[in-house]
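Biologist: I should be grateful for a close look at a single part of this model. Please begin with one position, and then follow its surroundings outward to the rest of the assembly.

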Amino acid sequence: MKRNWYKILAVILLLYAIIAGFLVDVPETNIQDSMRNVFFHVGMWFAMLVICFYAMIYSIKYLSSQDIIYDIKARESVNVGIFFGIVGIITGMAWAKFTWGVLWANDPHLNGAVVSLMAYFAYLVLRSSIPDTDKAARTSAVYNIFAFVLLLVFIGVLPRLSENTLHPGSKDGNPAFGDMDAKMRYVFYPALLGWIMLGVWIMNLRIRYKVLQSKISEDYDRD
Amino acid sequence: MGLLSEIKILILKDFKLEIRNLYSLNSILLYVFSSVFVSYLAFEKIIQPQTWNALFWIILLFAAVNAISTSFTSEGSKKFYYYFYILSPRSIILSKLLYNSLMLLVVAVLTFVLYSMVFGSIINNLPLFLLILLFGSFGLLGILTMVSAIASRAGNNFALMSILSFPVILPMLIVLIRLSSMTIGIIDITDFVKMMLALVVLDFIVVAMAVVLFPFLWKE
């Protein structure tokens, strides 16, 4: 129970977010009810960012301990992070088609999203290009840390310095929390938390599965 | 030996090697010359300042990639075992960083001179542009040095080098293009200090990470 509280909370929060997300009054604007997508689309990015942060922490832990378990953890976190990134792009494209009339617009946020995904794909390519396990783990851990810090600059700082973004609220502080209706905030924040917790849950499940798998194959090798 | 004297010796060694056969400097200069000339044949005259700006940075970016591709391979891999025993990894990465960015700075200034001779200079504020070139070549080469060290662990194939470097170099490149559009006058120059600060901070982050992370790559 001590370790599982966040899973129950994730389910409750997401149930609330989905039900309330479709029932809450949204202000009358030109994008109408598509505004409800904010409860789902933004959550994907927050989940991805948190999971990729976990991946960086695991990579740092791997470099300091040289324990291969942390390398498995980092790799699986990156896989789940990529999944959330792709879902974030798909939900964003559906929304962009309705709001801006195109599936893809030239916007600092969108470019940042694509480039971060490319960095993580490059991470996976780098891993698979080195046959030696320890060398692959060490090299890709270095790249993971290096890329995450630079991407943080790219998606966290640059959109705020640029004046021509289509996303709302970028001028005054956080682009995600711009000028949102008070009633929507009661759904928005729980939804974000719920998605982040769901992401961490998926990540932990995958990590446990892969760690067990590697242990089984180790035993198999020994026999 | 202290860190500084090691760095000094390593930079002098790289410099002497370069003077002796002038291979990499000449190849980069020839690359720059041919790409400027090809652009000249293709464009004849550049009318839009945006095009001027974009083309300049693209040529410089590929010159930087060319410059770095010889950096970790020109010396045989066996020589690194020798360095491993007598030097600290920090001085190796710092010396590579300093030497490469100095070389790119020379190349960048020469590219700029050549480029402006052919297409005409549209820079409004030359000292600021040179400042961008200084910090820009340092940052670009910092990132590329680190990425090429990573790629050299993976058998040094060129395709890997470009996939790995593209996502991490973009933040720097966007800042550089934006800054230089300010000196050209496409964008309002009021935000110049803010952007310049972003560039300097990026440079520092890159150097700090290179110093912290390179020792891990270095172990065989």
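Modeller: A:Gly112 is a residue of helix 4 of chain A, and it will serve as the starting point. The model under discussion is predicted. Is A:Gly112 buried or exposed? Its relative accessibility is 0%, and because the cut-off for burial is under 20%, A:Gly112 counts as buried. When its neighbours within four places in sequence are set aside, the residues in contact with A:Gly112 are A:Phe154 and A:Ile155. A:Ile68, by contrast, stands 44 residues from A:Gly112 along the chain, with 31 Å between the two C-alpha atoms.

The other chain should be considered next. Chain A and chain B bury about 2700 Å² between them, and carbon and sulfur atoms supply 81% of that area. The contact draws on 28 residues from chain A and 30 residues from chain B. How many salt bridges are counted between chain A and chain B? The count is zero. Polar contact between chain A and chain B is limited to two residue pairs, both at pLDDT 80 or more. On the side of chain A that touches chain B, the elements giving two or more residues are helix 4 (108–129) and helix 5 (133–161) of chain A. The largest share of that side, 15 residues, belongs to helix 5 of chain A. By residue class, the side of chain A that touches chain B contains 20 nonpolar residues, five polar ones and three charged ones. The helix that holds A:Gly112 is thus among the elements that supply this side of chain A.

Helix 4 of chain A also takes part in a charged pair within its own chain. A:Asp71 and A:Arg127 form a salt bridge, and the closest N and O atoms are 2.8 Å apart. A:Asp71 belongs to helix 3 (residues 68–99) of chain A and A:Arg127 to helix 4 of chain A, so this pair ties together parts that are 56 residues apart in sequence. Both partners fall under the 20% cut-off: A:Asp71 is buried at 5% relative accessibility, and A:Arg127 is buried with a relative accessible area of 12%.

From helix 3, a further salt bridge leads to another part of chain A. The side chains of A:Arg206 and A:Glu76 meet at 2.7 Å, N to O. Since A:Arg206 lies in helix 6 (residues 182–222) of chain A and A:Glu76 in helix 3 of chain A, the pair ties together parts that are 130 residues apart in sequence. A:Glu76 is buried at 1% relative accessibility, whereas A:Arg206, at 33%, counts as partly exposed.

Chain B offers a salt bridge as well, between the side chains of B:Lys13 and B:Asp14 (3.3 Å, N to O). B:Lys13 is partly exposed, with a relative accessible area of 23%, while B:Asp14 counts as buried at 9% relative accessibility. Salt bridges with shared partners, moreover, join A:Arg75, A:Glu76 and A:Arg206 into one network. Over all chains, the structure holds four salt bridges.

Two further positions belong to this survey of chain A. A:Gln66 sits in the loop between helix 2 (38–65) and helix 3 of chain A. Most residues other than glycine have a negative phi. A:Gln66 is not a glycine, yet its phi is positive, at about 60 degrees. This residue counts as partly exposed at 35% relative accessibility. A:Arg185, in helix 6 of chain A, is partly exposed at 26% relative accessibility. Between the C-alpha atoms of A:Arg185 and A:Phe98, which are 87 residues apart along the chain, the separation is 22 Å.

These details may now be placed within the chain as a whole. Chain A comprises six helices and zero strands, in the order α-α-α-α-α-α along the sequence. Of its 223 residues, 48% are buried. Among contacts in chain A with a separation of 6 or more, 75% are between residues 24 or more positions apart. The accessible surface of chain A is about 11300 Å², and 65% of it belongs to carbon and sulfur atoms.

Conventions. Residues are numbered from 1 along each chain as its sequence is written. Chains are lettered from A and ligands numbered from 1 in the order in which they are written. This is a predicted model: local features need pLDDT of at least 70, side-chain atom pairs count only at pLDDT 80 or more; totals for chains, interfaces and linings use all residues. Side-chain values use heavy atoms; hydrogens and water are left out. Contact means heavy atoms within 4.5 Å. Buried area is the accessible area (1.4 Å probe) that two parts lose on being put together, summed over both. A polar contact is a pair of N or O atoms within 3.5 Å; within protein, one must be able to donate a hydrogen and the other to accept it, and residues adjacent in sequence count only if both atoms are side-chain atoms. Helices (H or I, at least four residues) and strands (E, at least two) are DSSP runs, numbered from the N terminus. Ala, Val, Leu, Ile, Met, Phe, Trp, Tyr, Cys and Pro count as nonpolar, Asp, Glu, Lys and Arg as charged, and the others, Gly among them, as polar. Buried means under 20% relative accessible area, exposed over 50%, partly exposed in between (1.4 Å probe, protein chains only). Accessible areas come from the Shrake-Rupley method with a 1.4 Å probe; for residues, only the protein chains shown count as cover.
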